[in-house]
Amino acid sequence: MVNSSEISITKHVIFSSAHGVSVVVCLLAAILVLRLKLYKTLVYRLALYQVLSALAMASVGILQVMRFINYDESSDIYRRLCTAIGFLEVYTEWMKLLFTTWVTFHLFCFAVFHKNMKKLEALYVVTSLLVPALIAALPLVTQTYGSRHAGSTCYIQALNGSVALIERFALWDGPAMFILIAASTAMVVMVIKLASQVYRRSKYELITDGDQFSNALKQLLPLAIFPLLFFIFEIPVFTFHVYRFHHSTPNEGIMISAYICVSLWSMASGATVIIHISVARICGRKRKPIPNQINVVR
């Protein structure tokens, strides 16, 4: 008879396999950006940051199953390894979240206020790398990293009672939901703003220097897929965390969907960049490039 621990380990093997596919997809996307020297433009640099953070997330997903090679929860080595994996899990999730937040902010400023915030790129990178480290370090102080039961994920767990649950909500669920709502609102405002601009130009047949803005916006709009992916794949994860906050036993279906969505989020980020590069190169062969188009968003 197979025990629950063996079943859980089997699930982690399946989820890690999905993360492995995500790693391959993200690596391919990063190699394409670097090989074709597309990183010289801001659009592809922002996309590259998304891919690299997704690659980091997927790699940590693989580490979640590697700890079962020498599986003994009572050993110091296992506890330290689980703590390290939990730290990396929180760090990479926050890194991906902040890069997605900055992409949304960049698109919002450009589409709504016609402001190109390219001078803030260094701020995007520095905050997305350093802030997650500070956040991920807090559970180290409270010693709430670990696995809740045999075979469970190494993360912020209820090892010290309700303190860890509140801590997890404060460090991830709460901020993620706030950013999710804010990003969704920003996307709606952008759509309304752009629709009104298209309507005015078509109605009055305006031919102005705004065409340069339109050309640059066409390049930036593919970045909008990243906030959309966050919205699609974070909802099941947030639902899972809320359910566990109110129930001691996790729902199997919600848990599986949440784990799958985490791996799909990384995979979709890499696939988006690959598809965009492929489509752009195919379309580029069929029509001449627009003068100064790339310079607008460098």
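**Exercise 1. Decide whether Cys109 is buried or exposed, and do likewise for Cys261.**

Solution. Cys109 has a relative accessible area of 9%, a value to be read here from a predicted model. A residue counts as buried when its relative accessible area is under 20%, and Cys109 is therefore buried. The next step takes Cys261, whose relative accessible area is 11%, so that Cys261 is buried as well.

**Exercise 2. State how many disulfides a search of the whole structure finds.**

Solution. The search looks for pairs of cysteine sulfur atoms within 2.5 Å. Across the whole structure, it returns 0 disulfides.

**Exercise 3. Place Ile232 in its helix, classify its accessibility, and name the surface patch that contains it.**

Solution. Begin with the secondary structure: Ile232 lies in helix H7, which covers residues 225–246. Its relative accessibility is 44%, and because the range between 20% and 50% is called partly exposed, Ile232 falls into that class. Finally, Ile232 joins Leu228, Phe231 and Ile235 in a nonpolar patch on the surface, and together these residues have about 330 Å² of accessible area.

**Exercise 4. Find how many cavities of 30 Å³ or more the structure holds, and describe what lines the largest cavity.**

Solution. The search of the whole structure finds 3 cavities of 30 Å³ or more, and the largest cavity has a volume of about 70 Å³. Its lining consists of Val43, Tyr44, Ala47, Pro222, Leu223, Ile225, Phe226, Thr272, Val273 and His276. Turning from residues to elements, helix H2 (42–66), H7 and helix H8 (252–286) each supply at least two residues of this lining.

Notes:
Residues are numbered from 1 along each chain as its sequence is written. This is a predicted model: local features need pLDDT of at least 70, side-chain atom pairs count only at pLDDT 80 or more; totals for chains, interfaces and linings use all residues. Side-chain values use heavy atoms; hydrogens and water are left out. Patches are made of residues with over 30% relative accessible area and no salt bridge: like charges are joined within 9 Å, nonpolar side chains (Val, Leu, Ile, Met, Phe, Trp, Tyr) within 5 Å. Accessible areas come from the Shrake-Rupley method with a 1.4 Å probe; for residues, only the protein chains shown count as cover. A salt bridge is a side-chain nitrogen of Lys or Arg within 4 Å of a carboxyl oxygen of Asp or Glu. Helices (H or I, at least four residues) and strands (E, at least two) are DSSP runs, numbered from the N terminus. Buried means under 20% relative accessible area, exposed over 50%, partly exposed in between (1.4 Å probe, protein chains only). On a 1 Å grid over the protein atoms alone, a cavity is a set of points where a 1.4 Å probe fits but cannot get out, and a pocket is an open set with protein on both sides within 12 Å along at least five of seven lines; lining residues have an atom within 4 Å of a point. Grid points are joined across faces, edges and corners, and a volume is the space filled by probe spheres set on the points.
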